Amino acid sequence: GMYRGVPPDAATGPLWVEANAGLPDPVIVNDALSLDSGPVLIATWGHEGIYSSSDGGRSWTGMIFEDQTGNSAPGSHIIYALAEGRDGMLYASADSGRIFRSNNGGTSWRLASALPGGSSDLSWALATHPTIPGTLFAGTFGNGVYASSDYGSTWARVEGIGLGEDGRAHVFDLEFDPARPDAPVLWAATALGVFRSADLGSTWQDMSGGLAP
């Protein structure tokens, strides 16, 4: 489940307390995202998929999903990763390679597309470009990194030279270096180690030196 950090008591107060009010029991949380506007979102394995909290994790509310026509699409969703673009657009990767997006702070989510391979290109990680709205990257389980320049509507696999064999690595996390927004550097945590790319995924450099094998 979820825990939230709290200031410690002078002597014995806990640093972490449970924050599961409104969440199913049990719940598996895959990712968490603190929005610039204030609320916190979490991605869960099944149930309502994404939950939102506006009171620091004291209570949670499930989100609404819609299909491409705007109709509600009820049912269990497995959400693996969450990301926020610089323009406030939100993205979520789901089962079967689906990518959802939200333009209203996560109140509702509309299906944007699915990665070309569907469930075989399941995305465990999402990262948004720090300066270009609508440009984002998805790290997949076994097929490297995909990129989209149209808010997740279409995707193409980046070349990924150096990222495993033919760029087809298991990618578990993607992050842009926050210290270099004007010269974006993309980092990838993979089954082969940690890599970085200065050309948006075309080529990668292994930065795993010093890590345990």
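In this predicted model, Ala43 stands opposite Ile50 of strand S5. The two residues belong to a pairing between strand S4, residues 40–44, and strand S5, residues 50–53, which is antiparallel and comprises four bridges. This pair is part of an open sheet of four strands, arranged in the order S3-S4-S5-S6 with antiparallel pairing. Strand S3 (29–34) and strand S6 (61–62) form the edges; each has a single partner strand, and therefore one side of each remains without a neighbour in the sheet.

A further set of pairings centres on strand S11, which spans residues 108–114. Strand S7, residues 64–66, runs parallel to S11 and is joined to it by three bridges; here Glu66 stands opposite Arg110. Strand S10, residues 98–102, runs antiparallel to S11, with four bridges between them, and Ile99 of this pair faces Ser113 as its opposite residue. S10 and S11 form a hairpin with five residues between the strands, in which Gly105 adopts a positive phi near 75°.

Attention may now turn to the pockets. The largest pocket has a volume of about 520 Å³. Its lining consists of 27 residues, and those nearest the centre are Leu82, Ala83, Leu126, Leu174 and Glu175. Strand S3, already met at an edge of the open sheet, supplies at least two residues of this lining, as do strand S8 (79–84), strand S12 (123–128) and strand S16 (171–176). Classified by type, the lining of the largest pocket contains 15 nonpolar, five polar and seven charged residues.

Technical notes. Residues numbered from 1 in each chain as written. Predicted model: local features only at pLDDT ≥ 70, side-chain atom pairs only at ≥ 80, totals over all residues. Heavy atoms only, no water. Pairing = 2+ DSSP bridges. 1 Å grid on protein atoms, 1.4 Å probe; cavity = no way out; pocket = protein on both sides within 12 Å on 5 of 7 lines; lining within 4 Å. Points joined across faces, edges and corners; volume = space filled by probe spheres on them. Nonpolar A, V, L, I, M, F, W, Y, C, P; charged D, E, K, R; others polar.
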